[in-house]
Structure formats: C-alpha cells, structure tokens
Amino acid sequence: MQLPSSITQASRGSLDTLVLSNAFGRCEISLFGAHVLSYVPQSDQRERLWLSQSAIFDGISAIRGGVPVCWPWFSDNHGNRQEDLPSHGYVRKQQWTLNDCKDDDNGTAVTLVPQSVQGPGFDYAAQLKIVVHLGEQLSITLVTRNLGSEPFPLSCALHTYFAVEDIQRSELIGLKGEYLDKTRGFDTFSTPSPYRFTMETDRIHLDAAEHLTIQHPGGVTEVDSSGHNSIVVWNPWQDKATAMADMREDGYLTMLCVETAVTGDVSLAPGQTLALQQRIG
Ligand code: TA6
C-alpha cells in the first residue's frame, strides 16, 4: 500500500510501528495489538499517554501502557473459568495489518484489522477494525459488526493509560452517579467529588460520561467518548505496581487509566455495528 508522507514505518523493540506525523501532532501505533503507544499534539508538545518504562515489546506480551484494545470481552467477562481465557480478550496480543489509510486537511487516518476475529472463547461471525485518526484530537474508534445470523455477547474497552505528572495531585472531572468497585467486591458506591487518588482505584462507572477532564500538575487532558456504556478508572497503586513485572514500583505515580468501555451483559444483534470511540485532546 502506498503510504502518504505523513505515515512512516518505525519499530519499538521487535515490534513494527506506524508513525503518523502532521500539522496537528504525532502518534505512534504498534501493529502488534493495534496499540497506540504515543500521542503528542503539535500545540503543546506534551505526551498525553503513559508507557511503562518496563513495557515489553516482544510480540508476545501485552504492552503495558498506551491504549490496549480489550476485545471481545473486558477483564474476565467471558463466561468461562477465569484461568481458561486471557483477561481483556485476545486481540491485543495479535499482529494487526494496515487495511487503509488517508491524509487530508482534517488529518491522517489509518485503519487496522486483526489477524483473526475468532479466537478461544469467541467463534461468532464478526468483523473488527480500528481507525486511528490524528487531527485536532487523536480519535480511536473500535468498530465491531455482527456478520452472523445470531446475536453474540460483547464487552470491550479502549484501556487508555494517560500520563499525569503526579497522581496524588491529579483530579478527574466529569463523572457522576454510581460505580462498581473492584477493590471492594464490586459493591456499588457514589462517585466522589472532587475525584482524587490516594489508593488503589479500580472502578466501573455506570455513568457513560461523554466528556471528562484529567487535571494534573503538568496540564489538562480532555477525554471524549461515544458508543460506550461505562467509564473504567484504574490506578494499581504501589503494591500492585510492584507486583507487575512490566511496571516499575513507582510507575503508578505518573499514570491514570480512564477507559472508554462497554461492560456488563451486552449483545450485538445480527447486522448491528458497535463503534466505540475515544477522542483525546
Ligand atoms: O481496567 C482495569 C483492569 O481490569 C484492572 O482490574 C487491571 O486488571 C487492569 O485492567 C490491567 O489489566 P492487564 O490484563 O492489562 O494487566
């Protein structure tokens, strides 16, 4: 495929990546996992995404940081024994290929498709693609279409790791209503205001907020979402960070996951399309 000058090929470790660079900014995407690794707007040259300094780029392990693609289930929401199937599905560990690209006054876009849509725990007739568009914002759209004659269960997420200068001096603005707290047996609690971080935080917010703001000492990051039914907020804090081989023990201090997600028992009807989108500014 002939690439426009705004798209170049690069690598991280043993992974092939695509770098999109235009008047709006720069982003880098690993073809392994269709995993956005970096996004720097031209306007302020501030990296929006967090990538673990111990991230593994071996084409086998899931990449810690950036925007993992969780599909065809979120977390262990697959209906099987937890140990039988990979957490967050299997496409983030697949090699994706470039299916289309375009470059115009609105920005540069690439469309990637996975090696195979079916996998252990999901053998339905589905079509999956991701479109990453570098324009005024960075827009990531995960598109699922049911090609079959029966509905299938689907949960998914754009599991974005945002860079913050200091999580203990950061605030998340825009969420309301109730959330399910994974650290407390998925019991239901009310969203705090102000929303600050002092401990392990792992929450499924049932408020499908369309606009969120992350305020931290290094600046402000805007997060717009559509096609979702929930927002997941996660910071592992020190003990969990220490326990992860691909995260430094102090890594939790400079990251915050704000995930645009479809969680719970959702099914996609025959012929239906779900477009899960997150836009970062
Ligand atoms: O989205 C939050 C979460 O489900 C946490 O419970 C934690 O498991 C995190 O995802 C990271 O999961 P991973 O499989 O990428 O280590």
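A polar contact here means a pair of N or O atoms within 3.5 Å. Keep that cut-off in mind for the ligand. One caution before we start: this is a predicted model.

Let's go to the ligand. Glu-259 puts a polar side-chain atom 2.8 Å from a ligand oxygen. That distance is within 3.5 Å, so the pair counts as a polar contact. Arg-92 has a polar side-chain atom 2.9 Å from an oxygen atom of the ligand. For Arg-64, an N or O atom of the side chain is 3.1 Å from a ligand oxygen.

How much of the ligand does the protein bury? On its own, the ligand exposes 390 Å², and the protein buries 83% of that. And where does the ligand sit? It takes up the space of the largest pocket.

Who else is around the ligand? The surrounding residues include Phe-74, Ser-87, His-88 and His-159. Lys-182, Asp-202, Val-232 and Trp-234 are also among them.

Now the sheet. It is open and has 8 strands, with antiparallel pairing. Read across, the order is E6-E7-E8-E9-E22-E18-E17-E13. Which strands stand at the edges? Those are E6, residues 97-104, and E13, residues 171-173. Each has a single partner strand, so one side of each is left without a neighbour in the sheet. On average, neighbouring strands are turned by 15 degrees against each other, direction ignored.

Look at the E6 edge. E6 and E7 run antiparallel, joined by 7 bridges. E7 covers residues 107-113. To find one bridge on screen, pick Lys-102: its bridge partner in E7 is Ala-109.

How values were computed. Residues numbered from 1 in each chain as written. Predicted model: local features only at pLDDT ≥ 70, side-chain atom pairs only at ≥ 80, totals over all residues. Heavy atoms only, no water. Pairing = 2+ DSSP bridges. Helix = DSSP H or I, 4+ residues; strand = E, 2+ residues; numbered from the N terminus. Axes fitted to C-alpha atoms, helices over the stretch in contact; angles between N-to-C directions. Near = heavy atom within 4 Å. Polar contact = N/O pair within 3.5 Å; in protein donor to acceptor, adjacent residues only side chain to side chain. Areas by Shrake-Rupley, 256 points an atom, 1.4 Å probe, with all protein chains shown as cover. 1 Å grid on protein atoms, 1.4 Å probe; cavity = no way out; pocket = protein on both sides within 12 Å on 5 of 7 lines; lining within 4 Å. Sits in = over half its atoms within 2 Å of the grid points.
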